[in-house]
Amino acid sequence: MHLVCPTCNATNRIPDERLADAPVCGKCGHALMAAEPVAISDQALPKFLANTEAPVLIDFWAEWCGPCRMMAPQFEAAAKQAPEIRFVKVDSDAAPGASQRYGIRSIPTLLLFQGGKEIGRQSGVMPAAQLVGWARSLLASHEKAGKINT
Ligand SMILES: [Zn+2]
């Protein structure tokens with residue numbers, strides 16, 4: 001599976017059977033599957049989404065947003081509960097490109113991607129367990145639909 005390093009933006013190819021062994025980036029040594037949210041810049045986000053084969057869940061947030069501060073610990077807890085999903089934080093003020101591309105009108109907004117394509121979104125604060133359940137059920141139904149189509 002291809003994974004983009006959140007630190008240096010290099011694309012790494014990791015054999016599927018090694019995904020659970022805490023793979024690190026071949027270029028900079030940073031963890032590729034750390035069970036915690038990583039911040040991705042506006043510039044790095046398109047490549048990160050296009051070249052990351054694992055599911056990606058983005059939290060669009062901003063410093064001044066009260067509900068976003070309530071969402072942050074839930075998002076962190078969800079990252080520990082669902083290590084198969086890459087948890088990404090995008091500061092919407094610092095990312096006008098992504099905010100416009102994805103039509104972010106309110107924050108916090110959570111976007112779920114699979115294979116670089118958005119498969120779901122949800123606005124507002126959600127408890128960690130509910131967030132993980134929402135993401136996993138979307139990923140499962142997406143996978144099922146993909147199998148029917150092929
Ligand atoms: Zn790296």
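This text walks through the fold of one protein, from its overall build to a single residue.

The model is predicted. Start with the parts list. The protein has four helices and seven strands. Along the sequence they follow the pattern β-β-β-α-β-α-β-α-β-β-α. The radius of gyration is 15 Å, close to the 15 Å that the globule rule gives for 150 residues, so the protein is as compact as a globular protein of that length. Its C-alpha atoms fill a box of roughly 40 × 40 × 25 Å along the principal axes.

Next, look at how the chain packs. Buried residues make up 43% of the 150 residues. Now take the contacts with a separation of 6 or more. Of these, 63% join residues 24 or more positions apart.

Then turn to the outside. The accessible surface comes to about 7700 Å². Carbon and sulfur atoms account for 55% of that surface. As for charge, the protein carries 15 positive and 14 negative side chains. The centres of these two sets lie 4 Å apart.

Now find the sheet. Strands of a sheet pair through backbone hydrogen bonds, either parallel or antiparallel. Here, five strands form an open sheet in the order 3-5-4-6-7, and the pairing is mixed. Which strands sit at the edges? They are strand 3, residues 38-39, and strand 7, residues 117-123. Each of these pairs on one side only.

Two pairings show the mix. Strand 6, residues 109-114, pairs with strand 7 in the antiparallel sense, over six bridges. One residue match lets you trace this pairing: leucine 112 has glycine 120 in strand 7 as its bridge partner. Strand 4 and strand 5, in turn, run parallel. Six bridges join them. Strand 5 spans residues 86-91.

Stay with strand 4, which covers residues 56-61. This strand is mostly covered, with five of its six residues buried. Aspartate 59 lies in strand 4. Is aspartate 59 buried or exposed? Its relative accessible area is 0%. Buried means under 20%, so aspartate 59 counts as buried.

What does aspartate 59 touch, leaving out residues up to four places away in sequence? The list is Met71, Phe75, Val88, Lys89, Val90, Pro108, Thr109 and Leu110. Lysine 89 appears there, and in strand 5 it is also the bridge partner of aspartate 59. Val88 and Val90 are on the contact list too, and strand 5 runs over residues 86-91. Thr109 and Leu110 are further contacts of aspartate 59, and strand 6 takes in residues 109-114. In the sheet order 3-5-4-6-7, strand 4 stands between strands 5 and 6.

Methods
Residues are numbered from 1 along each chain as its sequence is written. This is a predicted model: local features need pLDDT of at least 70, side-chain atom pairs count only at pLDDT 80 or more; totals for chains, interfaces and linings use all residues. Side-chain values use heavy atoms; hydrogens and water are left out. Helices (H or I, at least four residues) and strands (E, at least two) are DSSP runs, numbered from the N terminus. The radius of gyration is taken over C-alpha atoms; the globule rule is 2.2 Å times the number of residues to the power 0.38. Buried means under 20% relative accessible area, exposed over 50%, partly exposed in between (1.4 Å probe, protein chains only). Contact means heavy atoms within 4.5 Å. Accessible areas come from the Shrake-Rupley method with a 1.4 Å probe; for residues, only the protein chains shown count as cover. Lys and Arg count as positive and Asp and Glu as negative; His and the chain ends are not counted. The place of a charge is taken as NZ of Lys, CZ of Arg, CG of Asp or CD of Glu. Two strands pair if DSSP finds at least two bridges between them.
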